[in-house]
Amino acid sequence: MGGCSLEGTKANWPRGILQARCGIIVRSALFLELRCEALKIMAQSSAGSRLIPLNMRFAIFGDIHANLEALEAVLADARSFDVTHFACLGDVVGYNANPSECVELVRQLGCPVVKGNHDEQASEDTDLSTFNSLAAKAIQWTRDNLSEVDKQWLRDLKFSRIVRDFTVTHATLDTPAAWGYVLSALEAAASFNYQNTQVCFYGHTHVPVGYVKNGVMVEEIDASHVAIETGKKYFLNVGSVGQPRDGDPRASYAIYSPSEKVVVWRRVEYPIERVQQKIRDAGLPERLALRLGMGK
Ligand SMILES: [Fe+2]
């Protein structure tokens, strides 16, 4: 950490096993290392980024899918890292058994929220005959268990928003209302064409991943941590709170520090069996309970 004067700083970032860009494997206090690098980058960046309060730290979360236990666990984890703000990427409802409770909890946060495709389906009266029977049953159950106030709140959500120095969207930036999936660098490139901030967070696929644009090149990056570098753009999927699909059943979200220019993905355990029992008690399809345990 030559030249770094951050020894002793109470960074309070999550710990784990990461590789900082200086090439040193850090197994403890690793975020101090990453933060040090980020501060160097910040010092080189434009004056505009210095307008962001130094203590501002966002929890970016989405695809909650009516999983109250997972949402509560994520919010508790975020607060343990001194998160000061929240932003929600949509799909607050659908699949699991606590849609109204999750709408209420997210609404209480008073944070920016964008609309997901399940929020749209659950709050409209559209015909469900084109859905398979399991999906139609789950959507109808969600509609039946949301109040008109909940539905109006979901209907009023925007497809994408700019928050401070970053953008949030549920699916894509090029055609957000079409609910396309970004699963490759090519698909990310289409969104980068419409990205007017350096960083954009998205969800929808339920798989944490990141894409970075450097000039005309778009590359996939690991969804563990990233130090935001001047001159590059980032399109980052924070994974799913309430129905992860990357084989890891733990809830997924990310913490972003605009001043430190660092994004860190987090995985959080929650009582899955309790959520599975609620699904069964509600009469929702058994497959929805089983997939939670597999993270698929
Ligand atoms: Fe979703």
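## Starting with what "buried" means

A residue counts as buried if 20 or more other C-beta atoms lie within 10 Å of its own. With that in hand, we can walk into this predicted model by way of helix H2, where the buried residues are Leu68, Ala70, Leu71, Val74, Leu75, Asp77 and Ala78.

## The overall picture

The protein has 296 residues, and 45% of them count as buried. Its secondary structure consists of 9 helices and 13 strands. Many contacts reach across the sequence: of those between residues at least 6 apart, 71% join residues at least 24 apart.

How confident is the predictor in this protein? The mean pLDDT is 87, and 82% of the residues reach 70 or more. Two stretches call for care when you look at the model. Residues 1-10 stay under 50 in pLDDT, and the model has 7 contacts for them beyond four places in sequence. Over residues 16-30 the pLDDT is also below 50, and this stretch has 20 contacts beyond near neighbours in sequence.

## Helix H2 and its surroundings

Helix H2 covers residues 68-80. Its 13 residues should span 18 Å at 1.5 Å a residue, and the end C-alpha atoms are indeed 18 Å apart, so the expected and modelled spans agree. The cover over its buried residues includes strand S3 (58-61), helix H3 (99-109), strand S12 (251-257) and strand S13 (262-268). Just after H2 comes Asp82, with a positive phi of about 60 degrees.

## The largest nonpolar core and strand S7

Which residues touch the most other members of the largest nonpolar core? Among its 69 residues, they are Ile60, Phe201 and Ala254. Helix H2 supplies the largest share of this core, with 6 residues. Phe201 is a good place to pause: leaving aside neighbours within four places in sequence, Phe201 is in contact with Ile60, Leu89, Phe166, Val168, Leu236 and Val238.

Phe201 belongs to strand S7 (residues 199-202). In a regular strand the side chains alternate between the two faces of the sheet. S7 shows this pattern, with Val199 and Phe201 pointing one way and Cys200 and Tyr202 the other way, and all of them are buried. Strand S6 (residues 166-169) pairs with S7 in the parallel sense over 3 bridges. Within that pairing, Phe166 has Val199 as its bridge partner in S7.

## Helix H5 and its buried side

Helix H5 runs over residues 133-144. From its first C-alpha to its last, this 12-residue helix reaches 16 Å, close to the 16 Å expected at 1.5 Å a residue. Buried in H5 are Ala138, Ile139, Trp141 and Thr142. They cover an arc of only 160 degrees around the axis, so they sit on the same side of H5. Ser133 and Asp144, on the other side of the helix, are exposed.

An α-helix has 3.6 residues a turn, so residues three or four places apart point the same way. As for what lies against the buried residues of H5, they pack against H3, helix H4 (117-123), helix H8 (272-282) and helix H9 (286-294).

## Helices H8 and H9

In H9, the buried residues are Leu288, Ala289 and Leu292. Their directions span an arc of only 100 degrees around the axis, which puts them on the same side of H9. The face turned away from that buried side carries the exposed residues Glu286, Arg287, Leu290, Gly293 and Met294. H5 and H8 are what the buried residues of H9 pack against. Just after H9, Gly295 takes a positive phi of about 65 degrees.

Gln276 gives a view of this region from helix H8. Gln276 touches Ala289, Leu292 and Gly293, not counting residues up to four places away in sequence. Gln276 and Leu288 are 12 residues apart in sequence, and their C-alpha atoms are 7.9 Å apart in space. Why does Gln276 count as partly exposed? It has 19 C-beta neighbours inside 10 Å, whereas being buried takes 20 or more.

## Two loop residues with positive phi

Tyr95 is in the loop between strand S4 (85-88) and H3. Its phi is near 80 degrees, a positive value in a residue other than glycine. Tyr95 counts as buried because it has 28 C-beta neighbours inside 10 Å.

Lys261 is found in the loop between S12 and S13. Although Lys261 is not a glycine, it has a positive phi of about 55 degrees. With 26 C-beta neighbours inside 10 Å, Lys261 counts as buried.

Conventions
Residues are numbered from 1 along each chain as its sequence is written. Helices (H or I, at least four residues) and strands (E, at least two) are DSSP runs, numbered from the N terminus. A residue is buried if 20 or more other C-beta atoms lie within 10 Å of its own, exposed if 12 or fewer, and partly exposed in between; C-beta atoms are placed from the backbone. Two residues are in contact if their C-beta atoms, placed from the backbone, lie within 7 Å. The expected span of a helix is 1.5 Å times one less than its number of residues. The arc is that of the directions from the helix axis to the C-beta atoms. pLDDT is the predictor's confidence in each residue, from 0 to 100. A nonpolar core is a set of buried Ala, Val, Leu, Ile, Met, Phe, Trp, Tyr and Cys residues joined through C-beta atoms within 7 Å. Two strands pair if DSSP finds at least two bridges between them.
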